[in-house]
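Biologist: Before we discuss the terms used for this protein, please show me the model.
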Amino acid sequence: MAEATVVSQQPVSGDYNTLIMEVPEVSSIVKPGQFIHMRVPRLEHLVLRRPFSVFRADDKHLTLLYKRVGKGTESMTLLTTGDEIDLMGPLGNGFPMECDGDPVLVAGGYGVAPLYLLAERLGRTGDIFIGGRSADDVLCVEDFKKLGWTVHVSTDDGSMGEEGLVTETMGRWLAGQADEKVFYACGPDGMLRAVGDIGIGRDNFAWLSLDKHMGCGAGACLACVQRVRDEEGNETWARVCREGPVFDARDIIWP
C-alpha cells in the first residue's frame, strides 16, 4: 500500500486526462507495462479499486493517462493538488525489454499509456501505430515523435491519419518489411488478437498487454483470469493481475 499526493491534473483530448501524483516508493521502481490499483477518492464506499497502467514515471512522480468512462473516472476528474490517494503498486509483469528485432508498438486509444513508458525506456526507437475511433482518441503523437519514434495514425472514421483499423494500416506497412520485428501492443481485445496473429505469422515475438476487470489486484479473487497455454502447451488459467498483464501472444487462448 502507498499514499500518493496529487500534484496536478491536465486535460489531454476529448474525454482524456493526465493525473500526476507524488509517490516515490512506487514511481521509482515501476517498469513499463506494470500497473497500479487505486482506490478512487470520494467513492470509498465502493469496494473495488481501479487498475491503471503507468504512463510516465520518474524517481518521484507517477503519471496516469485515463479516459472518463464511468463514475470512478468521472470522480477522478475532480481531484486537485494536495488530494491524497490510496493505491497499490507497482503490480503485475511488464513488457520484456531485451528482445531481438525492430520494435513495433501498437496502441488503441488509451492503450498508448504503458507503451509510452516502454518507448521512453526501451533504449532504441522504431515505429508506433496509434489507432482510435476518431481524432479525439488519437493520443500522444507528438510525445512519441519527440522520443524519436516514427508515428503512424489511423482512425475508424478517417478524421485523422488513414481511415480504417490500426492493424490494417500496420499490415500494409509490414508488407514491405522483411526485417525481424518484435511487437508490443495494448488496446481492445480484437486489436490485440490481430497483432498477435501477425506476430505469430511472421514468427516474431508479440507481447500483448491485456485489459481485464479486476477485483483485488493481488491474484486472490480470480476475477481477471485468462485462458493460456503453459510451458508444456497445456491449457490453463492465468491471472492477468499477477502473471500478466503482459503475455506472449503464443500463450493466449482467445474465446
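Modeller: A bridge is a good place to begin: Gly-132 has Thr-155 of E10 as its bridge partner. The model is predicted, so local features require pLDDT of at least 70 and side-chain atom pairs pLDDT 80 or more, while totals for chains, interfaces and linings use all residues. Residues are numbered from 1 along each chain as its sequence is written, and side-chain values use heavy atoms, without hydrogens and water.

Biologist: How do you know that E9 and E10 pair?

Modeller: Two strands pair if DSSP finds at least two bridges between them. E9 and E10 share 6 bridges in the parallel sense, so the criterion is met. Strands here are DSSP runs of E with at least two residues, helices are runs of H or I with at least four, and both are numbered from the N terminus.

Biologist: What makes E10 and strand E11 a pair?

Modeller: E10 and E11 (residues 162-163) are joined in the parallel sense by 2 bridges, and the requirement is at least two. Ser-154 has Glu-162 of E11 as its bridge partner.

Biologist: Why is Gly-131 called buried?

Modeller: Buried means under 20% relative accessible area, exposed over 50%, and partly exposed in between (1.4 Å probe, protein chains only). Gly-131 has 7% relative accessibility and therefore counts as buried. Gly-131 belongs to strand E9.

Biologist: Why is E10 described as largely enclosed by the rest of the structure?

Modeller: Because 5 of the 6 residues of E10 are buried, the strand is largely enclosed by the rest of the structure.

Biologist: What makes the unit of E9, helix H4 and E10 right-handed?

Modeller: A crossover is right-handed if, with the strands pointing away from the viewer, the path from the first strand over the helix to the second runs clockwise. E9, H4 (residues 141-146) and E10 form a β-α-β unit of this hand.

Biologist: What is the volume of the largest pocket?

Modeller: The volume is about 1400 Å³. Of its 47 lining residues, those closest to the centre are Tyr-110, Gly-111, Gly-187, Pro-188 and Asp-211. Elements that give two or more residues to this lining include E9 (127-132) and E10 (150-155). A pocket, on a 1 Å grid over the protein atoms alone, is an open set of points with protein on both sides within 12 Å along at least five of seven lines, and lining residues have an atom within 4 Å of a point. Points are joined across faces, edges and corners, and the volume is the space filled by probe spheres set on them.

Definitions and conventions. On a 1 Å grid over the protein atoms alone, a cavity is a set of points where a 1.4 Å probe fits but cannot get out, and a pocket is an open set with protein on both sides within 12 Å along at least five of seven lines; lining residues have an atom within 4 Å of a point.
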